[in-house]
Amino acid sequence: MPVATTPPPATPAAPPPHKWSRRHLLGLDGLTAGEVRALLRAAAAYVPVATSTQTDTQELAGRTVATLFFEDSTRTRTSFTLAARRLGAGVVDLSSGASSVNKGESLLDTARTVEAMGVSGIVVRAKQAGAAELIARGVSCAVVNAGDGKHEHPTQGLLDLLTLAEAHGRQDALDLSGLTLVIVGDVVSSRVARSAIAGARLLGARVVCVGPPALAPASLAALGCEVSGDLDAVLPIADAVMMLRVQFERHEGSESLRSPSVPSPREFRTLFGLTRERADRMKPGAVVMHPGPMNRGLEIDGEVADGPRSVIRTQVSRGVAVRMAALRLCIG
Ligand code: CP
């Protein structure tokens, strides 16, 4: 079905596939399709270990991973800790509330201090876009980006790709050609969307971002996606709909959703919320995704989040496997 969207620019030919040989995982943009597949293949192999409470490997035995979280997290932080432990590594946790960052120490000095104590890898989440790359330039150990401002969240992107591939029986080929991923809502604030767009495009999917112009501006097409303001027109072509949290905290001023350029929460839900009625109009086999945390009743209804199309809990589960793969490939 033709859908009026802002088209992306032509994408260059993909470079040849190759194995993972990088020290750091800072983003999916800039990786090759071969590198993304190498990470996903490793993650798929870890799924049985990641989803068991009774098994682990000793592949990183004797190593220590530091998780530096300077911004709140439930899923990412917990799953990196579980992933490191299931690889046999030790874990040290540091949060902004309990570190000398509160006394004015820079993120880089904090990372270097932790590295000097003998860690093999640093997992970092920070409010500042580019923080993980800055740290990677200043330390010798591996650095994995656990979310940097509005920039990227590469392990979230990978778990989204793995979930999407599994949902459509593509987990062996890891080729998403012919599938359409629709990303809805506060795309402009979303590091999750940036990583998902980059990864999905590398694996051959069509990506359409949907939202009001203030949250899904036409300029997003530069990322390689299409852009639409009409969810109801796009829904029938979706093989997966990824709803994004409206990130009130990232808009300038806490009242930004009430600014003239952005719909009110009620209008947002009316135009862009994934209600039961909208979910019922999706294609057979199409799935519903959400990176979490969710604003139930705003961007997604509870009965859709918990309904038969939802793969949200699979996303969470695959997060452990993906983070095992990221740690193993970067540190090991
Ligand atoms: N999806 C995600 O990054 O969730 P957390 O903020 O809970 O880690």
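How far does a polar side-chain atom of T76 lie from an oxygen atom of the ligand? The distance is 2.6 Å, and the views below start from there. Please keep in mind throughout that this is a predicted model.

**View 1. Polar atoms of T76, H153 and T74 face oxygen atoms of the ligand.** Let us begin with the side chains: a polar atom from T76 sits 2.6 Å from a ligand oxygen, and one from H153 is 2.9 Å from a ligand oxygen. T74 takes part through its backbone instead, with a polar atom 2.8 Å from an oxygen atom of the ligand. Of the 250 Å² of accessible area that the ligand has on its own, the protein covers 92%.

**View 2. The shell around the ligand draws on two domains.** Around the ligand you will find S73, T74, R75, T76, R125, H153, Q156, P291 and G292. Sorted by class, this shell holds six polar, two charged and one nonpolar residue. Where does the ligand lie with respect to domain 1 and domain 2? Because both domains give residues to the shell, the ligand lies between them.

**View 3. Two domains make up the domain assignment of the chain.** Domain 1 comes in two segments, 33-151 and 317-331, while domain 2 covers 154-313. Their C-alpha centres are 25 Å apart. Across the boundary, 27 residues of domain 1 are in contact with 25 residues of domain 2.

**View 4. P291 is a buried loop residue in the ligand shell.** This proline belongs to the loop that runs between β9 (287-289) and α10 (302-305). Why does P291 count as buried? Its relative accessibility is 10%, and the cut-off for buried is under 20%. Beyond its close sequence neighbours, P291 is in contact with R75, Q156, V192, M242, M243, L244 and Q315; among the residues of the ligand shell are R75 and Q156. For another view of the fold around this proline, look to R245: 46 residues separate P291 and R245 in sequence, yet their C-alpha atoms are 8.0 Å apart.

**View 5. A cis peptide bond joins G292 to P293.** Stay in the loop between β9 and α10, where P293 is found. The bond from G292 to P293 has omega near -10 degrees. Most peptide bonds are trans, which makes this a good spot to pause. G292 is also one of the residues around the ligand.

**View 6. E71 and R191 meet through their side chains.** Their polar contact is 2.7 Å. E71 lies in the loop between β1 (64-69) and α2 (75-86), and it counts as buried because its relative accessibility is 12%.

**View 7. G273 is a buried glycine between two helices.** Its loop connects α8 (265-272) and α9 (276-280). Is this glycine buried or exposed? With a relative accessibility of 0%, G273 counts as buried. Leaving out residues up to four places away in sequence, G273 touches L231, F268, R278, L298 and E299. A42 makes a handy distant landmark: the two C-alpha atoms are separated by 35 Å, with their positions 231 residues apart along the chain.

**View 8. L174 has a positive phi.** This leucine, in the loop between α5 (154-167) and β5 (180-184), has phi near 50 degrees. Most residues other than glycine have a negative phi. At 2% relative accessibility, L174 counts as buried.

How values were computed
Residues are numbered from 1 along each chain as its sequence is written. This is a predicted model: local features need pLDDT of at least 70, side-chain atom pairs count only at pLDDT 80 or more; totals for chains, interfaces and linings use all residues. Side-chain values use heavy atoms; hydrogens and water are left out. Helices (H or I, at least four residues) and strands (E, at least two) are DSSP runs, numbered from the N terminus. Buried means under 20% relative accessible area, exposed over 50%, partly exposed in between (1.4 Å probe, protein chains only). Contact means heavy atoms within 4.5 Å. A residue is near a molecule or strand if one of its heavy atoms lies within 4 Å of it. A polar contact is a pair of N or O atoms within 3.5 Å; within protein, one must be able to donate a hydrogen and the other to accept it, and residues adjacent in sequence count only if both atoms are side-chain atoms. Accessible areas come from the Shrake-Rupley method with a 1.4 Å probe; for residues, only the protein chains shown count as cover. Ala, Val, Leu, Ile, Met, Phe, Trp, Tyr, Cys and Pro count as nonpolar, Asp, Glu, Lys and Arg as charged, and the others, Gly among them, as polar. Domain bounds come from an automatic or database domain assignment.
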